[in-house]
Amino acid sequence: MTKGIAGRPAATLQQIMMGVHEGGPSLCPVLLEVDEGIQLWDATGRRQFFNPATLRQFGALAEPETVGFEELASVCLDVGGLPFPQHEFPVARVLADGLPCSDVLVRLADASLPCHWLRINARPLYALGSTEMVGVLSSTVDVTQLIERAQDLQRQAHYDALTGLPNRVLLADRMKLALAHARRTGDRLAVCLMDLDGFKPVNDTLGHKAGDRLLQEIARRLEEAMRADDTAARLGGDEFALLLGGLKSPQQAELALQRVLDAVATPLVIDGSPVRVTASIGVTLFPGDAGEADQLLRHADQAMYKAKEAGKGRFHMFNPAVESRIRANQGLLKRIEEALDKGQFVLYYQPKVDCRNGHVVGMEALIRWQHPVLGLRSPGEFLPLIEHDDIIVRLGEWVIAEALRQMALWRESGIDVHVSVNVSARQFLRGGFDDRLAVMLAHHLPGLERKLELELVETAALEDVIAVRKVMEHYQQLGMSFALDDFGTGYSSLVHLKRLAVDVLKIDQTFVRDMLDDPGDLAIVQGVIGLAAAFSQQVVAEGVESIEQILLLLELGCDVMQGFGIARPMAAERVPGWLTAFQADPRWQLARSSYPMRGDFELLLMEVSHRHWLEKTRLALQQGTGLPLADYGSCRFTQWYAEAGIRRYGGLAEFREIDMIHRKVHQQAEALHACVQAGDDAGIEMARQALEAVNESLLQQLHAFRIGLIGSTSG
Ligand code: C2E
Ligand code: MG
Ligand code: MG
């Protein structure tokens, strides 16, 4: 059924028009007075009738008698502010498909008109009793006020009133979009929380108005320093959130953040007073940090506190790897406590031997975790993770108690052995260590304390010399001894060492390991041995693996050693058997020296520096990098030989023989150089083998020479 205006049956468009123009029944006055624009178009889209409201809405544009809907459409924008597509204009749609089209919202592009927003409806008109469309009736309602109110509300709900920046609500929306975008593109998104440093004093001294002005200025600077599609939001007070997207690398994020920091830190003047604030920013980078939005904000918040702690005016990057380690750590702490309760810890014992006389002087107790699933775990896998937690104290006390229990058992079976126990600084310095040790000792046979040694690693904690010394002295009086473990790696100054008055220095194994190849390490080992002698301390070398190391240490004057070269740490039940079976290695007798003379030490140093050079040559060959200098003249050994060496040993024929072999070594090295330069692979291999062979005979000769010297000086 077809209907005319206001639902009345229509005849033709003409009749309708006549009704309008002639003021047909009560229709005309209504049309002229309503606020709603009414338009009547013919079937080609030409204007037939506009009521006055239409003219008010569209202004001069609507005046020409022949204006078409296209002209009206051309001044309309869609909701997003883009030109409204003409074919989508309601009149056009009705003309095209004959169906009504309702509630289309458009914005008028002409800002001088009072009306900015229109809601448009349109419907077809048919001749009475016919299916022929004779025209289109459309209406335009001014909804400007409605829309602007809604926009206001929207703004209040999404923007911060003071600064005009997005607020928390809009931030959440923006974050969703930014995360989706980052997932799509694979770019990084920096989620940042920023807090102003020094905002409160501005507020307190210059007043709230000044504080507000400052916040507005900061907001302005943030927007200026950031890219247009990034977001700066104000969360309240002096807290802001920043989203920086499209980042190709963490470095890009850092650059952008530095820009923000600089922008914030630029001084300004408020009410005649100079004001300067800085910002502390916590940052986390998605997708490296793969959390959801609220988790990312939490991480940024944690990082912001780190930035504050680290001195403000900077940013701090959240590190997911570190954080997950901390979390894993918390799990580990719990598991270690359980393991303690379930008795999963055991002590292994590693012998310490005086290689000069072949006596076993003691055992070091080393903790192991007998894990039900993972098997035997060494302390390096769990101790470092708990050394700052109180659980290390409980574990440490278990170690001492267990070592004492074992010592008592051994004593009952006739084995009276010294045992050293590692003690963490935290455990040692914690109040009450004295008393707890006394209680533990009281549980066992008297005199056991004389067989107990405590090993302390020299750490910063031991810098509290007075506290350490107080505890130490007390027990030294009871006969207990103290060792400084891993000596050479820590902080000890000579004064510190003197005040601490430990009984034993344990040379760290890293120096022992490399002393045959690294003159620096050798010098340290020799230095520690000298120090121990000067302070009347015993010296123990740890990590001794080879016979060469043992001989060298003996020559240097270090007799007591511990290491795989003598015995590996073993379970307590294996100790008695090992003690019975133990025999000193006859080769240890080869080294008979006492502390070498200065000149002889130089000879040793030259030997090591020669080994060092050869090691570098080997490495360079392996890695295809440049070989170290090969010529005889520039060699350190040659220079020493020509002066100090000749002066000291020049009268000895063996010494001059050493020089001849040394020259040969360099000839071979130069031949090797030539092959490398010519890219002659077969030649390289031959020259390398020849070099190794002649070098081996040089080392043998040097060694024999030194032993001969020792024989002649000590014999
Ligand atoms: P440390 O006290 O310096 O113990 C020596 C470490 O070197 C032991 O490692 C031992 O097995 C290893 N070692 C001994 N000889 C050799 C060798 O010839 N070559 C090599 N490569 N290594 C050798 P472990 O048992 O893994 O202990 C590591 C560290 O853990 C210890 O170093 C000590 O600082 C700590 N630790 C062990 N047990 C305890 C304990 O009960 N309490 C505390 N607080 N720390 C402990
Ligand atoms: Mg130790
Ligand atoms: Mg050590």
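In the predicted model, helix α21 contributes the most to the lining of the second largest pocket, with six residues. This pocket has a volume of about 410 Å³. Its lining comprises 21 residues, and those closest to its centre are Leu516, Glu548, Glu607, Arg611 and His703. Two or more lining residues are supplied by each of α21 (547-556), α23 (598-623) and α26 (681-714). By residue class, the lining of the second largest pocket divides into eight nonpolar, four polar and nine charged residues.

The largest pocket has a volume of about 1,200 Å³. It is lined by 42 residues, and Leu383, Asn422, Val457, Asp485 and Asp486 are the ones that lie nearest its centre. Strand β15 (residues 359-371) gives the most to this lining, with five residues. The lining of the largest pocket consists of 18 nonpolar, 14 polar and 10 charged residues. Among the residues nearest the centre of the largest pocket, Asn422, Asp485 and Asp486 recur in the description of the metal sites, where Asn422 and Asp485 coordinate the magnesium ion (ligand 2) and Asp485 and Asp486 coordinate the magnesium ion (ligand 3).

The magnesium ion (ligand 2) is coordinated by Glu364 (OE), Asn422 (OD1), Glu455 (OE) and Asp485 (OD), at 2.0 to 2.2 Å. Along the chain, the donors of this ion follow the spacing E-x57-N-x32-E-x29-D. Within this set, asparagine 422 in strand β17 and glutamate 455 in strand β18 form a pair that links distant parts of the chain, 33 residues apart. The two residues are classed as follows: asparagine 422 is partly exposed, at 27% relative accessibility, whereas glutamate 455 is buried, with a relative accessible area of 0%.

Aspartate 485 bridges the magnesium ion (ligand 2) and the magnesium ion (ligand 3), which lie 4.1 Å apart. The magnesium ion (ligand 3) has as its donors Asp485 (OD), Asp486 (OD), Glu542 (OE) and Glu542 (OE), at 1.9 to 2.5 Å. Glu542 thus appears twice in the list of donors, and the spacing along the chain is D-D-x55-E. Aspartate 486 belongs to strand β19 (residues 481-487) and glutamate 542 to strand β21 (residues 538-542), so this pair ties together parts that are 56 residues apart in sequence. Aspartate 486 counts as partly exposed, at 22% relative accessibility; glutamate 542 is buried, with a relative accessible area of 7%. The cut-off for burial is under 20% relative accessible area.

Helix α16 (residues 433-442) has Phe433, Leu437, Met440 and Leu441 as its buried residues. Viewed down the axis of α16, these buried residues fall within an arc of 95°, so they line one face of the helix. Asp435 and Ala442, on the other side of α16, are exposed. The cover over the buried residues of α16 includes helices α14 (391-412), α15 (425-429) and α17 (465-477), together with strands β17 (419-423) and β18 (452-457). Strands β17 and β18, which take part in this cover, also hold asparagine 422 and glutamate 455, respectively, both donors to the magnesium ion (ligand 2).

Two further residues were examined individually. Arginine 221 is placed in helix α9 (residues 208-225). At 9% relative accessibility, arginine 221 counts as buried. When residues up to four places away in sequence are not counted, arginine 221 touches Ala263, Val264, Thr266, Pro267 and Leu268.

Leucine 385 is found in helix α13 (residues 383-386). With a relative accessible area of 36%, leucine 385 is partly exposed. Apart from its neighbours within four places in sequence, leucine 385 is in contact with Asn329 and Leu332. Leucine 385 and methionine 304 are separated by 81 residues in sequence and by 25 Å in space, C-alpha to C-alpha.

Definitions and conventions
Residues are numbered from 1 along each chain as its sequence is written. Chains are lettered from A and ligands numbered from 1 in the order in which they are written. This is a predicted model: local features need pLDDT of at least 70, side-chain atom pairs count only at pLDDT 80 or more; totals for chains, interfaces and linings use all residues. Side-chain values use heavy atoms; hydrogens and water are left out. Donors are N, O and S atoms within 2.8 Å of the metal (3.2 Å for Na, K and Ca); water is not among the atoms, so sites may look incomplete. Helices (H or I, at least four residues) and strands (E, at least two) are DSSP runs, numbered from the N terminus. Buried means under 20% relative accessible area, exposed over 50%, partly exposed in between (1.4 Å probe, protein chains only). The arc is that of the directions from the helix axis to the C-beta atoms. Contact means heavy atoms within 4.5 Å. On a 1 Å grid over the protein atoms alone, a cavity is a set of points where a 1.4 Å probe fits but cannot get out, and a pocket is an open set with protein on both sides within 12 Å along at least five of seven lines; lining residues have an atom within 4 Å of a point. Grid points are joined across faces, edges and corners, and a volume is the space filled by probe spheres set on the points. Ala, Val, Leu, Ile, Met, Phe, Trp, Tyr, Cys and Pro count as nonpolar, Asp, Glu, Lys and Arg as charged, and the others, Gly among them, as polar.
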